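Biologist: Got a minute to go through this one with me? Please put it up and we'll start with the terms.

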Amino acid sequence: MYTNVLVFLGSIVLANAGCPDGFMSYTDNCYAFLPVKASWAEAKTYCEAIGAGLAVIESRQESDFIHGLVQREHNAISTSQIWIGGTDLIEEGVWLAPDNRQKLTFFDWAPKEPDNLNGQHCLAIFNYGSLLWDDNRCEVHNYALCKMGGDSSVGIIG
Ligand SMILES: [Ca+2]
Ligand SMILES: [Ca+2]
């Protein structure tokens, strides 16, 4: 617990350290909320355009940090979910990271999700209540959360 507190304080002191303008830092990563409604694939492209990727959330601690970040954007997100990194488009029920195709190992599903209702293959954070996760139709227009490795230069490919 003590270590967690120290890490938490450190993340405040170092807020934005090593991150581009508009990004928030947490551990070794940088995060940016994109208040632009787009399909999951478009959101992925937008994140890549700023040198990041759709945020793959990998732990309880990281998900809790994201909840705090999202709650600060409450007005912006009240009408929209937020796309994050994860899709089961290739194989139903097998969730892969958007870039390296690694299987996701951490999930923060809302109750009764994922339900794959009428074919839902893209990962989003609900825009109300607990901010837990939903699978939604990839063509729905949502906001996006981008993530960039702060300790490695993630360049724009091309
Ligand atoms: Ca699905
Ligand atoms: Ca769903």
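Modeller: Sure. I call a residue buried if 20 or more other C-beta atoms lie within 10 Å of its own, exposed if 12 or fewer, and partly exposed in between, with C-beta atoms placed from the backbone. This is a predicted model, where local features need pLDDT of at least 70 and side-chain atom pairs count only at pLDDT 80 or more, while totals for chains, interfaces and linings use all residues. Residues are numbered from 1 along each chain as its sequence is written, and chains are lettered from A and ligands numbered from 1 in the order in which they are written.

Biologist: OK, strand 5 then. Which residues are buried on its two sides?

Modeller: C122 and A124 on one side, L123 and I125 on the other, so to speak a strand covered on both faces. Strands here are DSSP E runs of at least two residues and helices are H or I runs of at least four, numbered from the N terminus.

Biologist: And how many bridges does strand 5 make to strand 6?

Modeller: Four, and the two run antiparallel. Strand 4 pairs with strand 5 over three bridges, also in the antiparallel sense; pairing takes at least two DSSP bridges between two strands. A124 has W83 as a bridge partner in strand 4 and D134 in strand 6.

Biologist: Switching to helix 2. Which of its residues are buried?

Modeller: W40, A43, K44 and C47. They line one face of the helix, because seen down its axis they fall within an arc of 105°, taken from the directions from the helix axis to the C-beta atoms.

Biologist: What do those residues pack against?

Modeller: Strands 2, 3, 4, 5 and 7. By contact I mean C-beta atoms, placed from the backbone, within 7 Å. Just past the helix, G51 has a positive phi of about 80°.

Biologist: Which residues touch the most others in the largest nonpolar core?

Modeller: I82, W83, I84, A144, L145 and C146, out of 34 members. Strands 2, 4, 5 and 7 and helices 2 and 3 each supply at least two residues of that core. A core here is a set of buried Ala, Val, Leu, Ile, Met, Phe, Trp, Tyr and Cys residues joined through C-beta atoms within 7 Å.

Biologist: What does C146 touch, leaving out residues up to four places away in sequence?

Modeller: Y31, A32, L34, C47, I50, A52, G53, L54 and A55.

Biologist: And what share of the chain is buried?

Modeller: 32% of the 158 residues.

Notes: Two residues are in contact if their C-beta atoms, placed from the backbone, lie within 7 Å.
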